[in-house]
Amino acid sequence: MTYKIGSIPGDGIGPEVAREGLKVLAAAAELDGFRYELVDYPYSGEYYLKTKELVPDSVIDEWRTLDAVLLGAIGHPDVEPGLVERSVILGLRFGLDMYINLRPIKLYSEHLCPIKDKKPEDVEFVVVRENTEGLYSQIGGHLKKGTADEVALINGVYTWKGCERACRYAFEVARKRAAARGGGGRAPQVTLVDKDNAIRPHDIWDRALAHVAKDYPDVQTDHAYVDACCMWMVKNPEWFDVIVTTNMFGDIITDLGAMIQGGMGIAASGNIHPGQTSMFEPIHGSAPKHAGKNVACPLGMISAVSMMLDFLGEEKSAARIEGAVAHLLGSGQITSADTRSGISTSDMGDMVVGEIRAKA
Ligand code: IPM
Ligand code: MG
């Protein structure tokens, strides 16, 4: 079988990091003997400026026939904010019903953590971000725009189906993680993060969690308001195992999560619909100021490739790549996951390839 993988390098540092991700993918395929075919898509702010073209519906349909999509980054300073991001990123997430955004927060080496005395075992959890609803619903608009009487409205949409399937996915992840710990270590736990003290309809999440929890008596449940969650993520990140949360809160807390795991340059994510086309991307943006300089850290993109392979069932390959990233950071060969590492984007990709070959 040949995997059909869409590639959307995008804007800014996107193409540079995507190149390294594809380099690592090619090396992994060679070592583990799987085949894939890449389908390139030009959509980006840059492309929009040249062609005025966003993603047409026909392409969304074409994406449904792919096994997975790899995305670099989208966002251009000369394009109206969010226009192309909504078309490409939200086009994929909403159009293909990628209802989970899985964001591991994993510290590979103590020296990468800005929090005093926190070790890799203390920063090791995952965020399950609901990915198709909430404040991202796009249901809203403006009244009397541009006047003193302007009204701007946006609806937060939370469906039972959306909450239920996100919670179920979180419990499954908690079980899988506990199994990977081999019966040792902490008990599996799902923490629901919302704001149902101030935003009362968020209680649909509590009820969905309690409903799903009945099927997972082996998994503990916990609850935190999102503001408190930010505090705990810095004070006691070791308390978390799996967090399940709304689209908006998941967006926010995973930038914080990226910082405690070593920076935006290392954090990866999977936009997942189990059994269907899913999309994998670093969580960072296009970082225009670093574009074209071969200085961006490609480890987030490379980790996204690892997540994609795990999703496709190439677990061995996925583990190889993750192991290489962990080793290069843990051994101090890569001192930081940002532009200060002194290692170019392309050299870092080569280092990961060298490491997976050396350990093969
Ligand atoms: C992310 C990004 C996106 C989001 C933007 C680019 C639309 O911040 O993937 O976290 O808000 O989800
Ligand atoms: Mg974000």
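Biologist: Why is Gln138 called partly exposed?

Modeller: Gln138 has a relative accessible area of 45%, and because partly exposed is the class between buried (under 20%) and exposed (over 50%), judged with a 1.4 Å probe and protein chains only, Gln138 counts as partly exposed. This is a predicted model, in which local features need pLDDT of at least 70, side-chain atom pairs count only at pLDDT 80 or more, and totals for chains, interfaces and linings use all residues, while side-chain values use heavy atoms without hydrogens or water. Residues are numbered from 1 along each chain as its sequence is written, and chains are lettered from A and ligands numbered from 1 in the order in which they are written.

Biologist: What is notable about the phi of Gln138, and where is Gln138 found?

Modeller: Its phi is near 65°, a positive value in a residue other than glycine, and Gln138 belongs to the loop between β5 (124-130) and β6 (140-143). Ala287 also has a positive phi, of about 40°, although it is not a glycine, and Ala287 is in the loop between β12 and α9 (299-312).

Biologist: How do you know that Ser278 is buried?

Modeller: The relative accessible area of Ser278 is 0%, so Ser278 is buried. Ser278 is part of strand β12 (residues 278-282), a strand being a DSSP run of E with at least two residues and a helix a run of H or I with at least four, both numbered from the N terminus.

Biologist: What makes the pair of Ser278 and His273 a polar contact?

Modeller: A polar contact is a pair of N or O atoms within 3.5 Å, where within protein one must be able to donate a hydrogen and the other to accept it, and residues adjacent in sequence count only if both atoms are side-chain atoms. The backbone nitrogen of His273 lies 3.1 Å from a polar atom of the Ser278 side chain, and that side chain also reaches the backbone oxygen of Gln276 at 3.1 Å.

Biologist: Which residues are around ligand 1?

Modeller: They are Glu85, Ile89, Arg93, Arg103, Arg129, Tyr136 and Asp251, where near means that a heavy atom lies within 4 Å. Helix α4 (residues 83-95) gives the largest share of this shell, 3 residues.

Biologist: How do you know that ligand 1 has polar partners such as Arg103?

Modeller: An oxygen atom of ligand 1 is 2.8 Å from an N or O atom in the side chain of Arg103, and a distance of 2.8 Å is also found to the side chain of Asp251.
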